[in-house]
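Thank you all for coming. I would like to walk through a structure that may be new to most of you, so please take a moment with the sequence and the model before I begin.

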Amino acid sequence: MGGTEHLTVQREGATLVLTLNRPEAKNALSLPMLVGLYDGWLEADEDDAVRSIVLTGAGDAFCAGMDLKALAGRGMEGQQYRDRLKADPDLHWKAMLRHHRPRKPVIAAVEGHCVAGGTEILQGTDIRVAGESATFGLFEVKRGLFPIGGSTVRLQRQIPRTHALEMLLTGRPYSAREAAGIGLVGHVVPDGTARHKALEIAELINACGPLAVEAVKASVYETAEMTETEGLAAELTRGWPIFDTADAKEGSRAFTEKRPPVYRRA
């Protein structure tokens with residue numbers, strides 16, 4: 001498994017857990033963190049034993065956004081990673097899920113601050129769990145900046161436009177309950193239990209047919225902006241072959257025999 005000084009990688013059964021690990025800076029984004037994130041997404045994509053991904057933060061925060069000193073060119077840690085960024089100038093956008101979508105479901109487990117770049121990464125995840133004291137928000141306009149991680153495009157597609165515009169234009173913080181109320185997160189749980197809840201959801205996903213899970217996720221995203229007619233046609237193209245897989249046959253047999261299925265991605 002990979003990882004860097006600011007991004008830890010662990011395996012919990014069939015789940016890959018990526019932890020933003022810079023708690024002294026509320027897990028503000030650094031170059032080592034971005035490189036570690038991108039490598040983590042690739043590891044999950046390439047390892048068939050990984051069925052799901054949990055993204056979380058160390059300490060009392062998820063991610064407080066970009067390190068502004070680093071953005072200004074001062075004090076950027078991890079100089080040894082600059083060759084990676086030079087070789088792939090798009091790496092940071094892939095790490096932040098702006099230009100990369102993992103094949104496996106990504107579940108965010110949020111405690112504490114999830115603001116600015118943290119809220120932008122959140123929009124690239126599939127399922128979201130927040131501790132009761134979590135805080136969300138896109139603060140860029142208050143600093144004279146633009147939320148260029150994808151929020152002016154994605155947020156209005158994930159929550160009602162009136163709420164998206166309020167979040168984008170006011171730069172104010174949102175509580176976990178308010179974030180859930182507008183649909184930005186799906187679960188609010190007691191503080192300190194977001195990771196546990198995310199792993200519970202991951203286990204439910206892991207018990208399902210992996211080929212079916214990946215095809216369903218891909219279909220949801222690729223049909224999102226299609227007309228209903230186009231989307232239904234695309235769904236058939238992607239979904240019908242799943243019925244001919246060994247996994248589909250195993251799922252049917254296991255249901256009939258009242259036993260847990262054993263999927264082999266075939």
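**Salt bridges, strands and a surface patch**

Let me start with the charged side chains: the structure holds 19 salt bridges, and I should say at once that this is a predicted model. I will go through a few of these contacts, then turn to the strands, and finish with the surface and with the confidence of the prediction.

One of the salt bridges joins R265 and E214, whose closest N and O atoms are 2.6 Å apart. This pair links distant parts of the chain, since R265 lies in the segment after helix 12 while E214 belongs to helix 10, residues 210-222, and the two are 51 residues apart. Is E214 buried or exposed? With a relative accessibility of 13%, E214 counts as buried, because the cut-off for that class is under 20%. The same two residues also take part in something wider, for D48, R103, E214 and R265 are linked in a network of salt bridges.

Two further pairs are worth pointing out on the model. The side chains of R172 and E178 meet in a salt bridge at 2.7 Å, taken from N to O; here R172 counts as partly exposed at 24% relative accessibility, and E178 is likewise partly exposed, with a relative accessible area of 31%. The other pair is R259 with E257, where the closest N and O atoms are 2.6 Å apart. R259 counts as partly exposed at 30% relative accessibility, and E257 is also partly exposed, at 45%.

Now to the strands, which in a sheet pair through backbone hydrogen bonds, either parallel or antiparallel. Please look for strand 7, residues 127-131: 4 of its 5 residues are buried, so this strand is largely enclosed by the rest of the structure. Which strands pair with strand 7? Strand 5, residues 106-110, pairs with strand 7 in the parallel sense over 4 bridges, and within that pairing I107 stands opposite I127. Strand 10, residues 187-189, also pairs with strand 7 in the parallel sense, over 3 bridges, and there G131 stands opposite V189.

There is also an open sheet of 4 strands, in the order 4-6-8-9, with mixed pairing. Its edge strands are strand 4, residues 61-63, and strand 9, residues 174-175, each of which pairs on one side only. Within this sheet, strand 6, residues 113-115, and strand 8, residues 135-137, pair in the parallel sense over 3 bridges, and C114 has F136 in strand 8 as its bridge partner.

Turning to the surface, L236, W240 and F243 make a nonpolar patch of about 410 Å². W240 is found in the loop between helix 11, residues 228-239, and helix 12, residues 246-257, and this tryptophan counts as exposed because its relative accessibility is 56%, where the class begins at over 50%.

Finally, a word on confidence. The chain averages a pLDDT of 94, and 95% of the residues score at least 70. Where should we be careful, with pLDDT under 50? That is the case over residues 71-76, for which the model has 5 contacts beyond four places in sequence. Where pLDDT is low, the predicted coordinates should not be read in detail.

Methods: Residues numbered from 1 in each chain as written. Predicted model: local features only at pLDDT ≥ 70, side-chain atom pairs only at ≥ 80, totals over all residues. Heavy atoms only, no water. Patch = residues over 30% accessible without salt bridge, like charges linked within 9 Å, V, L, I, M, F, W, Y side chains within 5 Å. Areas by Shrake-Rupley, 256 points an atom, 1.4 Å probe, with all protein chains shown as cover. Salt bridge = Lys/Arg side-chain N within 4 Å of Asp/Glu carboxyl O. Buried < 20%, exposed > 50% of the residue type's maximum accessible area, 1.4 Å probe, protein only. pLDDT = per-residue confidence, 0-100. Contact = heavy atoms within 4.5 Å. Pairing = 2+ DSSP bridges.
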